[in-house]
Amino acid sequence: MHRHEHHHDQTLAELRDALTAGFWDERYAGTDRVWSGRPNQRLVEQTSDLTPGTALDVACGEGGDAIWLAHQGWQVTAVDVSQVALAKVAAHAEDEGVEDRIRLGFYDALADPRPAGRRTFDLVTVSFLHVPQPDFAEIYRGIAAAVAPGGRLLVTAHHPDDVATGARHDHGPGLMFEPDRVLEALGADQPDGPWVVEVAETPVREQATPDGPLLVRDTVVRLRHN
Ligand SMILES: C[S@@+](CC[C@H](N)C(=O)[O-])C[C@H]1O[C@@H](n2cnc3c(N)ncnc32)[C@H](O)[C@@H]1O
């Protein structure tokens, strides 16, 4: 695949194929992925001022965020479509002695956008879950429904600018999004709605790559539920 090919001809069905257990189990079972153990920078930035309570990490992957949250005192539920990923989280949680603070669960956003636990979590965090645009609102509303009154939703994603810079040559059209897509899907752009917009930013950070450091832009949205 050429580095600057942007998959403009991908169909919705093909984009959804990249949101299946089969696709991700294979990626996580591959030898190229190594547990870094590090949480996402934006998660650390956006949760350090919060009082630990219950947290739901949606599409947790190998669990860097979930395990970091557990170390901070959060009681974490980590969910993902990949059982291979969940098994890795379980093993790492045990290695780090936080297995008592982490529960694991299967979650397939395409099959049922609502993770378990409606209106129960003090923090719901989702890092880099890029879904096709036609599915976006339903999935992110389903995820947001897990936030307890007074709780927070934190969404971190790759910003569409990264396509132009070539930083994200492997992401299909429409998958990456700006803060507005989240605000619109949840009605958080409306006054008097249930959400208070605490953060809606697009900060840049340096990412290490085999070709040297690359500047990448994130979408970061933090909402508080009334
Ligand atoms: C780019 S990774 C991000 C993982 C983790 N949040 C992180 O920041 O390291 C995207 C994650 O979404 C999960 N995923 C993909 N399709 C999904 C679906 N239909 N339902 C739930 N999770 C899904 C993948 O298994 C993968 O762990």
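The following exchange goes through the terms applied to this predicted model and the values behind them.

Mentor: In this predicted model, local features need pLDDT of at least 70 and side-chain atom pairs count only at pLDDT 80 or more, while totals for chains, interfaces and linings use all residues. Residues are numbered from 1 along each chain as its sequence is written, and side-chain values use heavy atoms, with hydrogens and water left out.

Trainee: What makes R16 and D135 a salt bridge?

Mentor: The term requires a side-chain nitrogen of Lys or Arg within 4 Å of a carboxyl oxygen of Asp or Glu. The closest N and O atoms of R16 and D135 are 2.8 Å apart, so the pair meets the rule. R16 belongs to helix α1 (residues 12-17) and D135 to helix α6 (residues 133-144), 119 residues apart. Helices here are DSSP runs of H or I with at least four residues, strands are runs of E with at least two, and both are numbered from the N terminus.

Trainee: Why is D135 called buried and R16 partly exposed?

Mentor: Buried means under 20% relative accessible area, exposed means over 50%, and partly exposed is in between (1.4 Å probe, protein chains only). D135 has 10% and therefore counts as buried. R16 has 31%, so it is partly exposed.

Trainee: Which other salt bridge links distant parts of the chain, with E62 as a partner?

Mentor: E62 pairs with K88 at 3.0 Å, N to O. E62 sits in the loop between β1 (54-58) and α4 (64-71), and K88 in helix α5 (residues 83-95), 26 residues apart. E62 is at 12% relative accessibility and so counts as buried.

Trainee: How do you know that E198 and R152 differ in burial class?

Mentor: E198 has a relative accessible area of 29% and is therefore partly exposed, whereas R152 has 19% and is therefore buried. Their salt bridge has its closest N and O atoms 3.0 Å apart. It joins strand β6 (residues 195-201), which holds E198, to strand β5 (residues 147-158), which holds R152. Salt bridges with shared partners tie D49, R152, E198, R222 and R224 into one network. By the salt-bridge rule the count is ten.

Trainee: What makes α4 mostly covered?

Mentor: Seven of the eight residues of α4 are buried. They are G64, D65, A66, I67, W68, L69 and A70. Their cover includes α3 (41-47), β1, β2 (75-80), α5, β3 (102-106) and β4 (121-127). Just after α4, G73 takes a positive phi of about 110°.

Trainee: Why is T156 called buried?

Mentor: T156 has a relative accessible area of 1%, so it is buried. This residue lies in strand β5. Beyond its neighbours within four places in sequence, T156 is in contact (heavy atoms within 4.5 Å) with R42, V126, S127, F128 and T219.

Trainee: What makes the approach of A59 to the ligand a polar contact?

Mentor: A polar contact is a pair of N or O atoms within 3.5 Å; within protein, one must be able to donate a hydrogen and the other to accept it, and residues adjacent in sequence count only if both atoms are side-chain atoms. A backbone N or O atom of A59 is 2.7 Å from a ligand nitrogen, so the distance fits the definition. An N or O atom in the side chain of D108 is 3.0 Å from a nitrogen atom of the ligand.
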